[in-house]
Amino acid sequence: MEVAVVGGGPSGKAIERALLERGATVRLLSRSNGFDVLQADSIERLGQPDVIVEATGRFTMSRSAATDFFTRSTRAVAAAARALDARHLLLSIVNCELPDVQGYGYFAGKTAQERVAREESPNLTIVRSTQWFEFAGQNRERMKLGPISLVPQMTIKPVALDAVAGVIADLATGTRASTLTEIAGPEVTTLWNMTKQLPQARATPLPMPIPGRMGRAFRYGALVPGAEAEVLGPTFSQWLHGPAS
Ligand SMILES: NC(=O)c1ccc[n+]([C@@H]2O[C@H](COP(=O)([O-])OP(=O)(O)OC[C@H]3O[C@@H](n4cnc5c(N)ncnc54)[C@H](OP(=O)(O)O)[C@@H]3O)[C@@H](O)[C@H]2O)c1
């Protein structure tokens, strides 16, 4: 089983580890090792994978920038999957498509990405997860403004990235099958609660209320999935203080 993982961020690396544990042959591809999914030659440079996992990302709050990046990435991966007769596994976010959260440009981009994937990829699995435990640290870095770091008020049901990677690796290697899988962690909490528990960093965290309809949606749990989502441990506290963290 040969798997190409496109996107070398935290998720790409976790998926690579999970696939190697399951005995797959893995190529982790991103610009840092010379693979740009947006370049015209990307199909030829993928090799002959049985499965392509798409875990690319570009952090932006701009709707047009997010939509441009995510749809172009997915069009390229879908074209490659068709040309190579490979399966396409797309990593996405639980409830990113809800109308109330489309004001967040990044989610609008992810929504457009899922739509393009469904239209253009005949052998597609979408794996949607809630925010990862790692997201608290990612947010702290991304939202740094000098000595402070803004923490958007959001109620979430976060999950360990390694648990998500394990599901993706099972889907890629064929030990489970599905066209849409949703994954969440065991507890509802807030991003603020998680951030407060992280080891201290130089920037001081500051809660950031988001105004309007979108802010209410974030605060009151629009990103928390229903009972259809598979719940996977550990808890945030176990993850933070456990031997593997
Ligand atoms: N954070 C969360 O809690 C969460 C939850 C659910 C789903 N997701 C989704 O998971 C995906 C991956 O997120 P992540 O946090 O692991 O990664 P990320 O920090 O968003 O970075 C994504 C990776 O994409 C690569 N990349 C960017 N442009 C590229 C290009 N043109 N060609 C090839 N690779 C490119 C980058 O590597 P190079 O710089 O080396 O190219 C980077 O390592 C995103 O789509 C995100 O929406 C995130």
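# Sheets, crossovers and a ligand site in a predicted model

Q: In this predicted model, in what order do the three strands of the open sheet with mixed pairing stand?
A: The pairing in this open sheet is mixed. Its edge strands are S6 (144-145) and S11 (204-208), each of which pairs on one side only. The order of the three strands is S6-S7-S11.

Q: Which residue in S7 stands opposite Leu145?
A: Strand S7 covers residues 148-152, and S6 pairs with S7 in the antiparallel sense over two bridges. The residue in S7 that stands opposite Leu145 is Ile148.

Q: What angle does the direction of helix H4 make with that of S7?
A: Helix H4 is made of residues 135-142 and packs on the sheet. Both S6 and S7 are touched by H4. The direction of H4 makes an angle with that of S7 of about 130 degrees.

Q: Which elements are included in what covers the buried residues of H4?
A: The residues of H4 that are buried include Phe135, Ala136, Gln138, Asn139 and Arg140. Their cover includes two strands of the sheet on which H4 packs, S6 and S7. Helices also take part in this cover, namely H1 and H6 (191-197).

Q: Is Gln131 buried or exposed?
A: Gln131 is found in the loop between strand S5 (124-129) and H4. Leaving out residues up to four places away in sequence, Gln131 touches Ile93, Phe107, Met154, Ile156, Pro158, Val159 and Leu223. A residue counts as buried under 20% relative accessible area. Gln131 has a relative accessible area of 8%, so Gln131 is buried.

Q: In what order do the seven strands of the open sheet with parallel pairing stand?
A: The pairing in this sheet is parallel. S2 and strand S12 (230-231) stand at the edges, each with a single partner strand, so one side of each has no neighbour in the sheet. The order is S2-S1-S3-S4-S5-S9-S12.

Q: How many of the five residues of strand S1 are buried?
A: Strand S1 spans residues 2-6 and is mostly covered. Of its five residues, the number buried is four.

Q: Which residue in S2 stands opposite Val3?
A: Strand S2 covers residues 25-29, and five bridges join S1 to S2, which run parallel. Val6 stands opposite Leu29 in S2. For Val3, the residue standing opposite in S2 is Val26.

Q: Through which helix does the chain cross from S1 to S2?
A: The path from S1 to S2 is a β-α-β crossover, and this crossover is right-handed. The helix on this path covers residues 10-21 and is H1.

Q: Which residue in S3 stands opposite Val5?
A: Strand S3 consists of residues 51-54, and S1 and S3 pair in the parallel sense over four bridges. The residue in S3 opposite Val5 is Val53.

Q: Which residues of S3 point the other way from Val51 and Val53?
A: Val51 and Val53 point one way from S3, and both are buried. The residues that point the other way are buried too, and they are Ile52 and Glu54.

Q: Which residue in S4 is the bridge partner of Val51?
A: Strand S4 covers residues 87-93, and four bridges join S3 to S4, which run parallel. The bridge partner of Val51 in S4 is Arg87.

Q: Through which helix does the chain cross from S3 to S4?
A: This β-α-β crossover is right-handed. The helix in the crossover covers residues 63-84 and is H2.

Q: How many residues surround the ligand?
A: The closest residues are Ser11, Ser30, Arg31, Tyr106 and Lys110. The number of residues surrounding the ligand is 29.

Q: What is the distance from an oxygen atom of the ligand to an N or O atom in the side chain of Lys110?
A: Backbone atoms also face the ligand's polar atoms: a nitrogen atom of the ligand is 2.9 Å from a polar backbone atom of Val37, and an oxygen atom is 3.2 Å from a polar backbone atom of Gly57. For Lys110, an N or O atom of the side chain is the partner of a ligand oxygen atom. The distance for Lys110 is 2.6 Å.

How values were computed:
Residues are numbered from 1 along each chain as its sequence is written. This is a predicted model: local features need pLDDT of at least 70, side-chain atom pairs count only at pLDDT 80 or more; totals for chains, interfaces and linings use all residues. Side-chain values use heavy atoms; hydrogens and water are left out. Two strands pair if DSSP finds at least two bridges between them. Contact means heavy atoms within 4.5 Å. Axes are lines fitted to C-alpha atoms, for helices over the stretch in contact, and angles run from 0 to 180 degrees between N-to-C directions. Buried means under 20% relative accessible area, exposed over 50%, partly exposed in between (1.4 Å probe, protein chains only). A crossover is right-handed if, with the strands pointing away from the viewer, the path from the first strand over the helix to the second runs clockwise. A residue is near a molecule or strand if one of its heavy atoms lies within 4 Å of it. A polar contact is a pair of N or O atoms within 3.5 Å; within protein, one must be able to donate a hydrogen and the other to accept it, and residues adjacent in sequence count only if both atoms are side-chain atoms.
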